[in-house]
Amino acid sequence: MFPGLCELTHLEVLDVRDTYLGGALPSCLSNLTSLRNLRLSSNKFFGDIALSPLNKLTSLQYLSLSGNHFRIPFSLQPFYNHSKLKHISVENSEFYRDTNIESLEPTFQLNTLVLSGCGDCGAIPNFLYSQHNLEQLHLEHLNLTGEFPIWLLENNTRLKTLSLVNNSLSGPIELPAHSHMSLEYLDISKNFLDGHIPMEIGASLPSLLELDISENSLTGSIPPSIGDMELLYSLDLSHNNLSGGIPEKLTMGCLSLSFLILSNNNLQGQIFSEKLSLFQLKELQLNGNHFSGSIPKSLSNCPYLFSIDFSNNNLSGRIPSWMGNMSYLQEIIMFNNGLEGPIPIDFCRVQFLLILDLSNNNISGSLPSCFGPRHIIHVHLSKNRLEGSLTTQFCKSSSLVTLDLSDNQLNGNIPDCINMLSELSYLILKNNNLEGKIPFQLCKLQKLSLIDLSQNHLRGRIPSCLNLTTDELYNDDNNRIASAPVAGTTFFLYFVDILSLGEPVHFTTKNMAYSYKGRLLTYMSGIDLSCNKLIGEIPYEIGHLSKIHVLNLSHNFLVGGIPSTFSNLTQVESLDLSYNNLTGKIPPELVELCFLSTFSVAYNNLSGKTPARIRQFATFDRRSYEGNPLLCGEPVKSCSSTSPPPMIQEGPTQGREDDGLINMGVFYVSLIVSYIMVLITIAAVLYINPYWRRAWFYYTEMCFISSYYFMVDHLSKS
């Protein structure tokens, strides 16, 4: 601490927040007996508070110890004699249970108590039974056990905030006998509460602004009395087992409601009726339920709506065109439903869209040529029936990070303007009918991390300039889009966690389709160009992509050898070059690929010895090498074998025949020439030897006569 600090015996306020101080608190700190306000948060102090000099600072009114390495008794017994203490804040700290304090009561009456961190703290501490002036109470991430503490509400009539997030509370939710008029924020999420939400909750807690009961085990229906909370701003009942529908009284009475989150329950029926008064609604999350029917037109009466998530439901019908008139929309997430019809051309007017996820529906038609919001970040339209070609769509979407149009019926070429998508990191166009060459403009995308163009009809050579980055795309500071006005408008981009939204990206690796989403996706890098009609040699430059995890070039018409630079793919886990026309030897340096778990060069024309059976290559069986008759060594045939090589097997390579080492054109010509030579030889023998000539003609004549009488005899009988 600062030299001479302990001599300031009349000091009343000491604020050393965020000063990178550390170590144990100096014992001389107990000399500051006049200290009223002490803030030590966000430093590196450590030690047991029960043994610290803070015990003697009885004039303290405000104490903040958050963000250090203190060990703190959960009973707060060291401060029981601090009669003036009103505020205690200890976040992100380690708590422990102390004993032999049952008969002790504190002399303080707190207004604010904030305790959060780690530790197995057991039941809610007994000293809280004696507190009657609490206004803010946070007991979070402490593994508290027992039932819902209804007595906290009954004993503290001025309590405004009660947060018991992420504990182990169980049993039903109870309400005070009389209405609690002061409580504004109630958060009891991430516990083990069960039973029904009390039907009279709206009358008991009429002043609530925020109610969060998510991630519990609640059953039953949503109480209509929630509609009596006219000031309610945010309601989160997600991740429970609630059933039934959304009460009409809620949609008509909560006039201030801005955030309605009911995802991952068992709710059903129509989303809303035609009567809807949620004019302030900004975010609506109903994903993971059993809602059916069409998207209600009454939602068009919510002009400030910026986020819609209807994914994983049973919705049907067309996507309504009125969505194009909702100028604040930033997120449209409706994957895994039964929506059909085309994407409305009205979507071209949604200028500030950030997330569009309509994957796994029955959407048909072509993408509107005018579509391509300038600020859009993620587009997921996979597993639909989209058709037509990609032309100018998305060409102006310079912020686009993910473009997933896989499993559709798109045709034509990959547009050349793709190089304008400077932020593009994940390009997934697999299983379409795309044609033409792989555009070299892809080489200009400096942030490209994952590219999947498999199962199309692409031709030509693999661009040697392909370059993938594997740096983590987002860190903790920039994985959210900040709330800021867009230039020249009154529009605000709200906070959006771009790593946790929407459908995951599906990518095949290790012969299995995996889903990648969130931060895990930022570490994934790979190339899949399999099942196309690519020709030429494999560019050796691909071997310089040292941090990719997947490389799949199988089922093409590639020739030449396997580049020795592939030994630089030190992070690769799956390498598939099967079903091509590759020749030469397998580079022995590949045994240095320590993370390789899937490897195949089957059905090529490779020769020589297989790589040494060491490290990862000791795990690969003959299936990795089959269809290469000139390969020898384990796990195929022995290199000392003198038996002639078998005929090359045919492999099912996209409807083409693998001719192996036999040139079929030469074979047919040789067969015809041999046949002609046999005829000429017979004619020459008959010409030279008269006896054989007469015998040949006599034999031929007898065959004709026998055949003639055989036919006449059988025809006459019939």
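A biologist and a modeller talk through a predicted model.

Biologist: What makes up the protein, in helices and strands?

Modeller: The protein has 6 helices and 52 strands. Of its 718 residues, 51% count as buried.

Biologist: How do you know that phenylalanine 394 is buried or exposed?

Modeller: Compare its value with the cut-off. Buried means under 20% relative accessible area. Phenylalanine 394 has 3%, so it is buried.

Biologist: Where does phenylalanine 394 sit, and what is its phi?

Modeller: Phenylalanine 394 is in the loop between strand 31 and strand 32 (402-404). Its phi is positive, about 70 degrees, although the residue is not a glycine. Most residues other than glycine have a negative phi.

Biologist: Why is asparagine 431 called partly exposed?

Modeller: Partly exposed covers the range between under 20% and over 50%. Asparagine 431 has 30% relative accessibility, so it counts as partly exposed. This residue lies in the loop between strand 34 (426-428) and strand 35. Its phi is also positive, near 55 degrees.

Biologist: What makes strand 31 and strand 33 a pair?

Modeller: Bridges. A pair needs at least two bridges between the strands. Strand 31 (residues 385-389) and strand 33 (residues 409-412) have 3, so they pair, and the sense is parallel. Glycine 388 has leucine 410 in strand 33 as its bridge partner.

Biologist: Which sheet holds strand 31 and strand 33?

Modeller: An open sheet of 9 strands, with parallel pairing. The order is 19-21-23-25-27-29-31-33-35.

Biologist: Why are strand 19 and strand 35 called edges?

Modeller: Count the partners. Strand 19 (243-244) and strand 35 (433-434) each have a single partner strand, so one side of each has no neighbour in the sheet.

Biologist: Which strands pair with strand 51?

Modeller: Strand 49 (residues 581-584) pairs with strand 51 over 2 bridges, in the parallel sense. Two bridges are enough, because the rule asks for at least two. Threonine 583 stands opposite asparagine 605 in strand 51. Strand 52 also runs parallel to strand 51, and 3 bridges join them. There, serine 607 stands opposite leucine 630.

Biologist: What comes between strand 51 and strand 52, and how accessible is alanine 618?

Modeller: A loop joins strand 51 (605-609) to strand 52 (630-632), and alanine 618 is in it. The relative accessible area of alanine 618 is 37%. That is neither under 20% nor over 50%, so alanine 618 is partly exposed.

Biologist: How far is alanine 618 from glutamate 634?

Modeller: The two are 16 residues apart in sequence and 9.3 Å apart in space, C-alpha to C-alpha.

Biologist: What kind of peptide bond joins glutamate 634 and proline 635?

Modeller: A cis bond, with omega about 5 degrees. Most peptide bonds are trans. Proline 635 lies in the loop between strand 52 and helix 5 (664-688).

Biologist: How many cavities does the structure hold, and how much space is in the second largest?

Modeller: There are 3 cavities of 30 Å³ or more. The second largest has about 110 Å³ of space. Its lining has 13 residues; Gln393, Leu403, Pro415, Ile418 and Leu421 lie nearest the centre.

Biologist: What makes up that lining, by class?

Modeller: The lining has 12 nonpolar residues, 1 polar and no charged. Leu, Pro and Ile count as nonpolar.

Methods:
Residues numbered from 1 in each chain as written. Predicted model: local features only at pLDDT ≥ 70, side-chain atom pairs only at ≥ 80, totals over all residues. Heavy atoms only, no water. 1 Å grid on protein atoms, 1.4 Å probe; cavity = no way out; pocket = protein on both sides within 12 Å on 5 of 7 lines; lining within 4 Å. Points joined across faces, edges and corners; volume = space filled by probe spheres on them. Helix = DSSP H or I, 4+ residues; strand = E, 2+ residues; numbered from the N terminus. Buried < 20%, exposed > 50% of the residue type's maximum accessible area, 1.4 Å probe, protein only.
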